[in-house]
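Me: I would like a close look at one part of this protein. Take me through a single strand and its surroundings, then place that part in the whole chain.

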Amino acid sequence: MKGKVWLVGAGPGDVGLMTLKGREALQQADVVVYDALVGDGILALIPEGARRIFAGKRAGNHFLRQEETNRVLLEEALAGNRVVRLKGGDPFLFGRGGEELELLAAHGVPFEIVPGVTSAFAAPAYFGIPVTHRDYCASVHVITGHRRDGAVRDIDYEALVRTGGTLIFLMGIAALPELCEGLLKAGMAPDTPAAVLEKGTTAAQRRIPATLSTLAQACEGARVQTPALIVVGRVCALAERFAWRDALPLSGVKALVTRPRELISGMAALLRERGAEVVELPAIRTVPLADDGRLQAAMEKLASGGYDWAVFTSPSGVRIFMLKLLAERDIRAMAGVKLAAIGDGSRRELLKYGLRCDFVPSVFDGETLGRELAGVCEPGARILIPRAAIGNRALIEGLMGGRGLEIDDIPTYDTQYAVDGDARSVMDGVDFVVFTSASTVKGFAAGMAGLDMTGVRAVCIGAQTRQAAQTLGMKTWMAKRATLEALADAVEEAAEAMKTEN
Ligand code: SAH
């Protein structure tokens, strides 16, 4: 069987700027071949079972590498794999996408192209620079400033200047003085606004503003890092007024969010909304336990009205219990029972099944849940707690409290700690790691063996989570309440503290 190749534009860095179609292609990949320009957040979306191949291009052995990449794509596809070739920005804009297709086409290997958001337009946008504007220009030009044989060739500076349009040079940092010189000689006004935009759309994005005649000098001391592009044109001046991204509270902050593999991270979305760059690291996996008969018996008891309360202590616990229940029965089995949830996540997970909670504690932890629930339920009440095998005993102890409660504590799932292969490289440039449970702290530590934990800044949702992080030697912050919103606030506070530290 012949496989297929998807040539996918990963966008300029920010995960949200990858297309839906590209994401879908990535989700079903057997093999992913990616370059250095693909954002960390996007690499974290590569599915668990897919093989990763790094096709990083480094100056020097460019051509051989390109041929190797072409061959890898061909061989993997011929072996029957679904191959996703992930490229920074748009695959056809100075991306050698065309070259990579030649060999595939020659061998009749099917392929698809998924265009991407190019850095040429997205990086300016993230600094508030509209690449065209009716008051200033009527065209935009994207030019490569790549040097071959020590010089930039084939740039018709006179023609570019004559257009009066915005000029965007990719791969031009090494040749920056030469490019500016060429434009000046061709008659462009020396005070034309210009800028270098570094690492656009990531947490590390930086703008070096200048004019055509001062840009080269402004960049000299600034140690520009790749990737970076050059924008020349009057529209550059608008960044002073339109810089929206750098104004967000968490701009400049890169956070790693750990989560159970099966859950979409609401935390990541919240932090991104506040301007952070977020990398998601699935650090724990929940595995339903084989039923030793106790769960089956509990479900029968539940369906026949044998429980007064069912208590849920995690979203995974809700999901796994409901899956088991609905495999054999329907939602009416829950009809007579009151529901308690440890916090917002579990409460919302129950809502997905049309179930509204009767009780949520004032503080979202096991101890408070146990104590407060014991005060609410009738003496002698019959209580079902389906949850993780390594559940927190504090809850039960609080519940017992000498009130003769009848408690069935049924283990329904196991927590396994797992992080994908090259997880440690994901820590590059990360300012904070955000933990929503003690088990994600353990999962993180298991996946990052060898990492110096005292260098990790951990922002934790609650006391137990913080305890786990402190035990490992991390520097910790804690949310004022155990909600995702409060946790995001804590990241803001930690980021403030870090700024004053520096
Ligand atoms: N196909 C890519 C461009 C590849 S050429 C795209 O459409 O974006 C590589 C050049 O792109 C780099 O030298 C740099 O000039 C530019 N570039 C890529 N990502 C960038 C980013 N996040 N910020 C600024 N420039 C970027």
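Reply: What follows starts with strand 7 and works outward from there.

The model is predicted. The protein chain is divided into four parts: domain 1 (4-116), domain 2 (121-245), domain 3 (254-283 + 420-501) and domain 4 (287-417). Strand 7 covers residues 166-170.

Begin with burial. Of the 5 residues in strand 7, 5 are buried. Both faces are covered. Thr166, Ile168 and Leu170 lie on one side. Leu167 and Phe169 lie on the other.

Now the partners. Strand 6 (residues 140-144) pairs with strand 7 in the parallel sense, over 5 bridges. One pair to look at is His141 with its bridge partner Leu167 in strand 7. Strand 10 also pairs with strand 7, but here the two run antiparallel, joined by 3 bridges. Leu167 appears again in this pairing: its bridge partner in strand 10 is Val232.

Follow that bridge into strand 10, residues 228-232. This strand is mostly covered too, with 5 of its 5 residues buried. Ala228, Ile230 and Val232 point one way, while Leu229 and Val231 point the other way. Strand 10 has a pairing with strand 8 as well, antiparallel and over 5 bridges. Strand 8 runs from 193 to 198. Its Ala194 has Val232 as bridge partner in strand 10. Val232 is thus a bridge partner of Leu167 and of Ala194.

Next, the packing. The largest nonpolar core has 26 residues. Phe169, Leu183, Leu215 and Val232 have the most contacts inside it. Strand 7, strand 8 and strand 10 are among the elements that give two or more residues to this core. Strand 9 (206-211) is on that list, as are helix 6 (157-163), helix 7 (176-185) and helix 8 (215-220). The largest share, 4 residues, comes from helix 7.

Leu183 is a good place to see the packing. Leaving out residues up to four places away in sequence, Leu183 touches Tyr157, Val161, Leu167, Phe169, Met188, Leu212 and Val232. Leu167 and Phe169, on one side of strand 7, are both among these contacts. So is Val232, the bridge partner of Leu167 in strand 10. Another core lies apart from this one. That core has 24 residues, including Val253, Val459, Ile461 and Trp477.

For contrast, turn to an open sheet elsewhere in the chain. It is formed by 5 strands in the order 3-2-4-1-5, and the pairing is parallel. Strand 3 (51-54) and strand 5 (111-114) are the edges. Each has a single partner strand, so one side of each has no neighbour in the sheet. From one strand to the next, the twist averages 20 degrees. Inside this sheet, strand 1 (residues 4-9) and strand 4 (residues 82-87) run parallel, joined by 6 bridges. Leu7 has Arg85 as its bridge partner in strand 4.

One polar residue deserves a stop. Gln66 sits in helix 3 (residues 62-78). Is Gln66 buried or exposed? Gln66 is buried: its relative accessible area is 4%, and the cut-off for buried is under 20%. Its side chain makes a polar contact with the side chain of Glu100, at 3.0 Å.

Last, the overall spacing. The centres of domain 1 and domain 4, taken over C-alpha atoms, are separated by 45 Å.

How values were computed:
Residues are numbered from 1 along each chain as its sequence is written. This is a predicted model: local features need pLDDT of at least 70, side-chain atom pairs count only at pLDDT 80 or more; totals for chains, interfaces and linings use all residues. Side-chain values use heavy atoms; hydrogens and water are left out. Two strands pair if DSSP finds at least two bridges between them. Axes are lines fitted to C-alpha atoms, for helices over the stretch in contact, and angles run from 0 to 180 degrees between N-to-C directions. A nonpolar core is a set of buried Ala, Val, Leu, Ile, Met, Phe, Trp, Tyr and Cys residues joined through side-chain atoms within 4.5 Å. Buried means under 20% relative accessible area, exposed over 50%, partly exposed in between (1.4 Å probe, protein chains only). Contact means heavy atoms within 4.5 Å. Domain bounds come from an automatic or database domain assignment. A polar contact is a pair of N or O atoms within 3.5 Å; within protein, one must be able to donate a hydrogen and the other to accept it, and residues adjacent in sequence count only if both atoms are side-chain atoms.
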